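Let's take a walk through this model together, with the structure open beside the text. We will go from one pocket to another and finish at a metal site.

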Amino acid sequence: MTPDSLFVLDLMPSPNHGERRDGRAPDMIVLHYTGMPDAASALSWLCDPGSEVSAHYFVDEDGRITQLVPEARRAWHAGKAAWGGEADVNSASIGIEIVNPGHEFGYRAFPDEQIEAVIGLCLDIILRHGIAPHRVLGHSDVAPLRKTDPGELFPWVVLADAGVGHYVPPQPLGDPAGLALGAEGPAVRALQALLSVYGYDVAASGAFDEATEAVVRAFQRHFRPARIDGVADASTVRTLKRLIDALPDVAGEMLLA
Ligand SMILES: [Zn+2]
């Protein structure tokens with residue numbers, strides 16, 4: 001195994017990978033936190049054949065980058081996940097695990113050196129694979145019912161300032177009321193359609209169910225972290241519409257026309 005990126009300092013080959021489906025080239029990056037008490041146990045878990053999980057890259061808190069799986073291979077980081085109509089996220093993506101104990105073991109701020117390393121690695125991957133800004137995502141975006149990583153402390157705005165990911169300044173918080181669990185009708189269907197146009201996996205059923213609430217929470221965690229309550233208030237919806245407006249393709253323009 002040879003490193004795919006100049007930023008790689010160490011190689012720690014994991015046996016947990018397979019073929020990308022139909023030889024698909026990656027056009028997404030999915031960011032994770034390790035969610036384990038320490039870096040060493042996370043790294044050995046990702047290389048343990050019994051765990052059946054892995055990622056292409058592992059970024060330590062001091063910024064050291066280890067490659068575990070060649071980019072050409074399908075690493076097993078996303079699990080059951082979907083984005084933009086793509087249900088095999090592992091075949092479509094490159095996965096990066098970022099060391100942090102996570103919500104279960106003492107969630108804490110990501111050190112600057114670690115974020116600088118993530119930015120450098122992402123820019124390198126983006127340039128080599130031509131990955132669009134709105135396809136750099138968190139695990140919680142592609143698996144909102146199961147996952148909360150990399151979480152609300154992840155500095156998406158710092159990444160965006162460096163040219164990584166899709167971001168607009170969130171609409172400031174206002175009235176906390178909005179569409180919430182149990183709501184039904186055309187306004188819910190319109191909200192679901194907007195979330196789906198952006199890429200989230202949610203059916204436009206018109207019923208604000210638990211899956212819809214999980215998607216709204218995931219959206220807030222990434223794009224409007226000031227309040228993560230699963231309620232589609234005006235600030236959440238305005239932020240979502242601005243993001244769609246800022247999409248590089250025509251899908252958003254068609255829906256908003
Ligand atoms: Zn994850």
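## Two pockets and a zinc site

The second largest pocket holds about 300 Å³ of space, and, like everything here, it comes from a predicted model. Its lining is made of 18 residues, and those nearest the centre are Lys80, Val142, Pro144, Leu145 and Asp201. By class, this lining splits into 11 nonpolar, 3 polar and 4 charged residues. Helix 8 (residues 210-223) provides the largest share, with 3 residues. Look also at the domains: domain 1 (10-161) and domain 2 (178-256) each give at least three residues to the lining.

Now turn to the largest pocket, with a volume of about 460 Å³. Tyr33, Thr34, Glu97, His139 and Lys147 are the closest to its centre among the 26 lining residues. Strand 3 (28-33), helix 1 (39-46) and helix 3 (102-105) are the elements that contribute two or more residues to this lining. Here the classes come to 9 nonpolar, 11 polar and 6 charged residues.

His139 leads us on to the metal. Which residues coordinate the zinc ion? They are His32 (ND1), His139 (ND1) and Asp149 (OD), at 2.1 Å. Along the sequence, these donor residues follow the spacing H-x106-H-x9-D. His139 sits in helix 5 (residues 139-142) and Asp149 in the loop between helix 5 and helix 6 (156-161), so this pair ties together parts 10 residues apart in sequence.

Are these two donors buried or exposed? Buried means under 20% relative accessible area. His139 counts as buried because its relative accessibility is 4%, and Asp149 counts as buried at 5%.

Note on methods
Residues are numbered from 1 along each chain as its sequence is written. This is a predicted model: local features need pLDDT of at least 70, side-chain atom pairs count only at pLDDT 80 or more; totals for chains, interfaces and linings use all residues. Side-chain values use heavy atoms; hydrogens and water are left out. Donors are N, O and S atoms within 2.8 Å of the metal (3.2 Å for Na, K and Ca); water is not among the atoms, so sites may look incomplete. Helices (H or I, at least four residues) and strands (E, at least two) are DSSP runs, numbered from the N terminus. Buried means under 20% relative accessible area, exposed over 50%, partly exposed in between (1.4 Å probe, protein chains only). On a 1 Å grid over the protein atoms alone, a cavity is a set of points where a 1.4 Å probe fits but cannot get out, and a pocket is an open set with protein on both sides within 12 Å along at least five of seven lines; lining residues have an atom within 4 Å of a point. Grid points are joined across faces, edges and corners, and a volume is the space filled by probe spheres set on the points. Ala, Val, Leu, Ile, Met, Phe, Trp, Tyr, Cys and Pro count as nonpolar, Asp, Glu, Lys and Arg as charged, and the others, Gly among them, as polar. Domain bounds come from an automatic or database domain assignment.
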